[in-house]
Amino acid sequence: MQSLQAIVLAAGKSTRLKNGRNKLSELICGQPMILFVIKVLQKLHIPTTLVVGQQKEEIQASLG
């Protein structure tokens, strides 16, 4: 049996947005973009590793 694990890379600078915020913290339909990915992985019971870098505090705050 093959096991599956996800690695979510959330370490970019988000320089194209030009607003100083991390794109993964931007709201889409009222929730941070990163939550869409995390929630799907949780529903599928896939173990997930989140790699954060730039603005990690903002991303961590988006996760709750």
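Ser25 sits in the loop between strand S1 (6-10) and strand S2 (27-28), and in this predicted model that residue is buried, with a relative accessible area of 2%. The side chain of Ser25 is joined to that of Ser62 by a polar contact of 3.0 Å, and Ser62 belongs to helix H2 (residues 56-62). The protein chain as a whole contains two helices and four strands, which follow one another along the sequence in the pattern β-β-β-α-β-α. The points below begin with the chain and its confidence, and then turn to individual residues.

**Chain and confidence**

- The mean pLDDT of the protein chain is 83, and 86% of the residues reach 70 or more.
- Confidence is highest in H1, at a mean of 92, and lowest in H2, where the mean is 82.
- As a general caution, predicted coordinates should not be read in detail where pLDDT is low.
- Of the 64 residues in the protein chain, 25% count as buried, and the accessible surface comes to about 4900 Å², with 58% of that area belonging to carbon and sulfur atoms.
- Among the contacts in the protein chain with a separation of 6 or more, 68% are made by residues that stand 24 or more positions apart.

**Ser25 and Ser62**

- Ser25 counts as buried because its relative accessible area is 2%, a value under the 20% cut-off.
- Ser62, in helix H2, likewise counts as buried, with a relative accessibility of 15%.
- The polar contact between the side chains of Ser62 and Ser25 has a length of 3.0 Å, and the side chain of Ser62 also reaches the backbone oxygen of Glu58, again at 3.0 Å.
- When residues up to four places away in sequence are not counted, Ser25 touches Pro32, Glu58, Ile59 and Ser62.
- With neighbours within four places in sequence left aside in the case of Ser62, this residue is in contact with Ser25, Pro32, Ile34 and Leu35.
- Pro32 therefore appears in the list of contacts for Ser25 and also in the list for Ser62.

**Nonpolar surface patch**

- Ile28, Met33, Phe36 and Val37 form a nonpolar patch on the surface, and together these residues have about 290 Å² of accessible area.
- Helix H1 (residues 33-43) gives the most to this patch, contributing three residues.
- Met33, one of the patch residues, lies in helix H1 and is partly exposed, with a relative accessible area of 31%.
- The value of 31% for Met33 passes the requirement of over 30% that applies to residues of a patch.

**Residues with positive phi**

- Cys29 has a positive phi of about 55° although it is not a glycine, and this residue lies in the loop between S2 and strand S3 (31-32).
- Cys29 is exposed, with a relative accessible area of 78%.
- His45, which is not a glycine either, also has a positive phi of about 55°, and its place is in the loop between H1 and strand S4 (48-52).
- His45 is exposed as well, with a relative accessible area of 70%.
- Although His45 and Gln5 are 40 residues apart along the chain, their C-alpha atoms are separated by 9.4 Å.

**Thr49 and the N-terminal residues it meets**- Thr49 is found in strand S4 and is partly exposed, with a relative accessible area of 34%.
- The side chains of Thr49 and Gln5 are joined by a polar contact of 3.0 Å.
- Not counting residues up to four places away in sequence, Thr49 touches Gln5, Ala6, Ile7 and Val8.
- Thr49 and Leu9 are 40 residues apart in sequence, and the distance between them in space is 8.6 Å from C-alpha to C-alpha.

Terms used:
Residues numbered from 1 in each chain as written. Predicted model: local features only at pLDDT ≥ 70, side-chain atom pairs only at ≥ 80, totals over all residues. Heavy atoms only, no water. Patch = residues over 30% accessible without salt bridge, like charges linked within 9 Å, V, L, I, M, F, W, Y side chains within 5 Å. Areas by Shrake-Rupley, 256 points an atom, 1.4 Å probe, with all protein chains shown as cover. Salt bridge = Lys/Arg side-chain N within 4 Å of Asp/Glu carboxyl O. Buried < 20%, exposed > 50% of the residue type's maximum accessible area, 1.4 Å probe, protein only. Polar contact = N/O pair within 3.5 Å; in protein donor to acceptor, adjacent residues only side chain to side chain. Contact = heavy atoms within 4.5 Å. pLDDT = per-residue confidence, 0-100.
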